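This report describes selected local features of one protein model for a reader new to it. The sequence and structure are shown first, and the description follows.

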Amino acid sequence: MAMIFEQESRTFSEYLLVPNLTSHSCTPDKVDLSTSIARYHKGGEPSRLSINIPIVSAIMQSVSDDRMAIALARYGGLSFVFGSQPIESQTEMVNRVKKYKAGFVTSDSNATPDATLSDVLAIKARTGHSTLAITDDGTAGGKLLGIVTSRDYRISRTAPDTPVRQFMTPLEHLVFAREGIGLSEANDIIWDHKINQLPIVNEEGRLVAMVFRKDYEEHKENPSELLDNHKRLMVGAGINSRDYTERVPALVAAGADILCIDSSDGFSEWQRDTLHWIRSQYGDSVLVGAGNVVDGEGFRYLVKAGADFVKVGIGGGSICITRETKGIGCGQASSVLAVAAARDEYCRETGIYVPICLDGGIVHDYHMTLALAMGADFIMLGRYFARFDESPTRKLMVNGSYVKEYWGEGSNRARNWQRYDDGSEGGRLTFEEGVDSYVPYAGKLKDNLDVSMAKVKATMCACGALTIPELQEKSRLVVVSATSIVEGGAHDVIQKDSERRV
């Protein structure tokens with residue numbers, strides 16, 4: 001007969017944290033939210049990849065493109081660019097993230113002196129950049145002849161067919177530097193000369209890179225930016241268990257810092273085969289996560305196959321209907337507790353710590369702290385990020401309120417059959433495991449994350465913890481009744497509608 005687990009399948013809303021003593025030294029400004037997201041030896045070398053806040057964005061069409069990846073990395077988190085798209089377009093997104101902030105940036109907006117104002121405007125529309133390098137051959141490595149910025153022309157007074165050579169700032173009027181200059185010195189030149197960009201050229205006068213004032217200013221405004229050794233923003237990418245032999249090499253070449261196999265059910269030989277292939281081709285040089293699983297058995301299977309982290313959760317996302325359609329899964333709270341126990345047991349046996357990522361089930365901000373306390377090392381969010389300006393979906397007015405579109409990877413709109421593949425031929429979705437929906441528009445990513453992370457830090461202090469490992473060690477949890485859940489919200493009062501926040 002079937003095995004029946006004794007533990008109930010529970011969600012985060014069924015738990016509360018019981019406060020511990022908060023010492024004078026335990027204040028939110030001292031809380032460290034950094035966390036490892038790749039396996040490492042306890043007591044040995046640290047993890048090869050850590051993030052500055054325990055938050056990553058979901059591998060979804062409606063959530064994680066290059067714009068989201070840039071915004072989240074600047075805040076200290078990480079995005080996994082969605083994989084349900086052609087390899088070429090996914091690698092282009094990864095490339096754009098890696099080029100966005102590198103200190104020394106390879107120019108992606110270039111033209112020749114014979115180009116026209118119309119050409120300049122077309123390049124600006126395509127790249128979003130108003131500064132163009134003018135080179136002899138129109139490439140990023142051509143001989144630098146001048147620069148065009150939005151201050152060099154007025155659309156209302158400059159004819160569209162005006163050649164660039166007539167309104168560009170020529171090289172003899174530019175401040176530039178030679179190849180080999182350090183980033184600090186380059187920034188000093190920018191400030192001393194009150195300019196917005198500094199071209200870097202080699203001995204032959206060919207353009208090597210650009211340094212921008214905005215990069216320096218943005219770094220000062222975002223001190224927790226997630227940067228690689230070359231001062232570039234970091235980014236992850238989703239892969240599947242079908243075309244990994246082509247997709248993985250392309251993403252590695254594009255500079256993806258970590259990969260993740262995206263599947264609704266990761267406890268499969270398909271994921272094992274994918275992990276084995278990556279290890280056979282790249283050894284341990286490529287970081288890759290796997291999942292999703294809901295118990296210790298699934299965790300151990302993927303870890304032994306070579307996963308650097310394991311995602312936890314089946315059917316807990318707001319747009320996911322896997323439990324409803326297939327009857328598989330487990331409550332997110334119960335899942336993370338079970339997998340965290342298996343992770344800790346595996347670490348005691350081997351000395352290897354494999355981080356786990358809670359994927360789905362976060363409805364309220366306090367659920368984030370609960371998930372971390374229960375053992376998650378970091379959290380993957382979809383609905384949360386879909387609400388922001390930086391998500392790739394449309395902002396619409398519906399019934400008098402602004403919303404943004406949000407759809408699941410298992411919906412007919414996404415048609416991501418690779419994520420729900422059962423190994424059979426055909427490559428199609430037989431039925432949906434996700435819905436197409438709207439979420440309330442919430443504004444800018446940074447404004448919302450500031451509030452959410454402030455809540456997490458405050459709750460950690462209430463638990464007497466300044467780090468995520470300390471939170472996991474000290475946390476005390478209590479199961480709440482339905483009545484006490486009602487008691488926890490506003491009740492027995494008449495709220496002032498004008499002052500209520502949505």
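Asn-292 is found in strand β16, which covers residues 288-293; strands (E, at least two residues) and helices (H or I, at least four residues) are DSSP runs, numbered from the N terminus. A cis peptide bond, with omega of about 15 degrees, joins Gly-291 and Asn-292. The model is predicted, so that local features need pLDDT of at least 70 and side-chain atom pairs count only at pLDDT 80 or more, while totals for chains, interfaces and linings use all residues. Residues are numbered from 1 along each chain as its sequence is written, and side-chain values use heavy atoms, with hydrogens and water left out.

Most residues other than glycine have a negative phi, and most peptide bonds are trans. Two lysines with a positive phi are listed below.

| Residue | Phi | Loop |
|---|---|---|
| Lys-194 | near 55 degrees | between α4 (183-192) and β12 (197-201) |
| Lys-231 | near 65 degrees | between α5 (213-221) and β14 (236-239) |

Lys-194 counts as exposed, because its relative accessibility is 73%. Lys-231, with a relative accessible area of 45%, is partly exposed. Here buried means under 20% relative accessible area, exposed over 50%, and partly exposed in between (1.4 Å probe, protein chains only).

Strand β12 follows the loop of Lys-194. Five of the five residues of β12 are buried, so this strand is largely enclosed by the rest of the structure. Gln-197, Pro-199 and Val-201 point one way from β12, whereas Leu-198 and Ile-200 point the other way. In a regular strand the side chains alternate between the two faces of the sheet. Strand β11 (residues 177-178) pairs with β12 in the parallel sense over two bridges; pairing requires that DSSP finds at least two bridges between two strands. Arg-178 has Val-201 of β12 as its bridge partner.

Two packed helices are described by the angle between their axes and the distance between the axes. Helix α1 (residues 66-75) packs against helix α13 (residues 445-462) at an angle of about 40 degrees, and their axes are 11 Å apart. Therefore α1 is oblique to α13, since angles under 35 degrees count as roughly parallel, over 145 as roughly antiparallel, 65 to 115 as roughly perpendicular and the rest as oblique. The contact (heavy atoms within 4.5 Å) is made by Met-68, Ala-71, Leu-72 and Tyr-75 of α1 and by Leu-445, Lys-446, Leu-449, Asp-450 and Met-453 of α13.

Technical notes:
Axes are lines fitted to C-alpha atoms, for helices over the stretch in contact, and angles run from 0 to 180 degrees between N-to-C directions.
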